[in-house]
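Open the model in your viewer and keep the selection tool at hand. Each stop below gives a selection, then what to look for there.

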Amino acid sequence: MTNCIEIKGLVKKYKTFTLGPIGLTVPGGSILGLIGENGAGKSTLIKSMLGIVKPSGGSVTLLGADPDHAKEDIGIVLDDCFFSEYLRVKDVNSVLGRVYKGWDRGLFTDYLDKFGLSGAKNIKELSRGMRMKLSLAAALAHRPKLLLLDEATSGLDPVVREEILDEFLDFISDDDHAILISSHITSDLEKAADYIAYLHQGQLLMCDEKDRLLENYGKLVCARADLEQVDRGYIVTIRKGQYSTEALIRRRGDFQRLYPRLTVDPVTLDELMVFIVKGGKA
């Protein structure tokens, strides 16, 4: 299995914010979900990978090539629709048909139908959700091998999100295709992603297989006196309430064997982020 994305030591420096250094890989046939709070650097990472913003250091290889030489095989959806508002939806077919060699006009029309988009509408008339659907249709219609998506399911209703997730799973059905998707809707990533990368204040805190990540961490709710008896090596962060204390626990299976009378519940990606951002040190 080859890697569709390889990032080594990527850094982007601004006056008040630094992203990185970031190192990660995305194997073919997989989806990597990129999570993190607003301002963590998710959009900056994707734009740095594409050269939309110039990285301060490091290297990016997409589909075995420099990003500039892989553009034909990359589908992109950023956090807003960048088509002129004065175009009609159907005009995108002609515009991008002159840009991509592999553009499939019939496939683009099929996606418009699937997403309930009227070709006669002006783009400025579309809601945010409809604009994201249009961007997705455009990203998929030239049959790319790699999708880079920034909040691509934002503003979409649950039924359409489910349809798009199914589309993504079909897309990665062979080892030549992969997806990196940044999303605040972590429930979508829990359904579809194979790997999770967690950015916090520009730093890559975690990057692992999703199932292993969720199996490794857990949530302990107990009395403070019980928590004081726990080896601090197992505790990542603590959130103290008036009557009980919550702790994010690592190595959940080992912990449960060592402390069988304390119950550790599974943790969601949302809970994992909240614990790390809002929790106190052990």
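Start by selecting Leu 147 and Ile 179: Leu 147 stands opposite Ile 179 in β7. Keep in mind throughout that this is a predicted model.

**The six-stranded sheet**

Extend the selection to the two strands. Strand β6 covers residues 146-150 and strand β7 covers residues 178-182. They run parallel, and five bridges join them. Now show the whole sheet. It is open, with six strands in the order β5-β6-β7-β3-β8-β9. The pairing is mixed. Look to the edges: β5 (74-77) and β9 (203-209) each pair on one side only. From one strand to the next, the twist averages 10 degrees.

**Helix α4**

Select residues 128-140, helix α4. This helix packs on the six-stranded sheet, where it touches β5 and β6. Its direction makes about 175 degrees with that of β5.

Check the helix length next. At 1.5 Å a residue, the 13 residues of α4 should span 18 Å. The end C-alpha atoms are 19 Å apart, which agrees.

How many of the 13 residues of α4 are buried? The count is 11, so the helix is largely enclosed by the rest of the structure. Among the buried ones are Gly 129, Arg 131, Lys 133 and Ser 135, along with Met 132 and Leu 134. To see what surrounds them, add β5, α2 (91-97), α3 (105-114), β6 and α5 (158-171). The buried residues of α4 pack against these elements.

**The nonpolar cores**

Select Phe 108, Leu 134, Leu 149, Phe 168 and Ile 179. These have the most contacts inside the largest nonpolar core, which has 53 residues. Helix α4 gives the most to this core, with seven residues. A second, separate core has 26 residues, including Ile 22, Leu 146, Leu 148 and Leu 199.

Return to Ile 179 and display its contacts. Beyond its neighbours within four places in sequence, Ile 179 touches Val 26, Ser 30, Ile 31 and Leu 32, among others. Its contacts also include Leu 146, Leu 147, Leu 149 and Phe 168.

**The three-stranded sheet**

Move to the other sheet: an open one of three strands, ordered β2-β1-β4, with antiparallel pairing. Its edge strands are β2 (18-27) and β4 (57-62), each pairing on one side only. Neighbouring strands here are turned by 10 degrees against each other on average, direction ignored.

Select β1, residues 3-13. Five bridges pair β1 with β4 in the antiparallel sense. Pick Val 11, whose bridge partner in β4 is Gly 57. Then add helix α1, residues 42-50. The helix lies across β1, β2 and β4, and runs at about 110 degrees to β1.

**Cysteines**

Select Cys 4. Is this residue buried or exposed? At 2% relative accessibility, Cys 4 counts as buried. The closest cysteine sulfur is in Cys 207, 15 Å from that of Cys 4, so a bond is ruled out by distance. A search of the whole structure finds zero disulfides. Select Cys 222 too: this residue is buried, with a relative accessible area of 8%.

**Last stop: Lys 210**

Select helix α7, residues 210-216, and pick out Lys 210. At 9% relative accessibility, Lys 210 counts as buried. What is Lys 210 in contact with, leaving aside its neighbours within four places in sequence? Show Leu 189, Glu 190, Lys 191, Ala 193, Asp 194, Tyr 195 and Ile 196.

Note on methods
Residues numbered from 1 in each chain as written. Predicted model: local features only at pLDDT ≥ 70, side-chain atom pairs only at ≥ 80, totals over all residues. Heavy atoms only, no water. Pairing = 2+ DSSP bridges. Helix = DSSP H or I, 4+ residues; strand = E, 2+ residues; numbered from the N terminus. Axes fitted to C-alpha atoms, helices over the stretch in contact; angles between N-to-C directions. Contact = heavy atoms within 4.5 Å. Buried < 20%, exposed > 50% of the residue type's maximum accessible area, 1.4 Å probe, protein only. Disulfide = S-S within 2.5 Å. Core = buried A, V, L, I, M, F, W, Y, C linked by side-chain atoms within 4.5 Å. Expected span 1.5 Å × (residues − 1).
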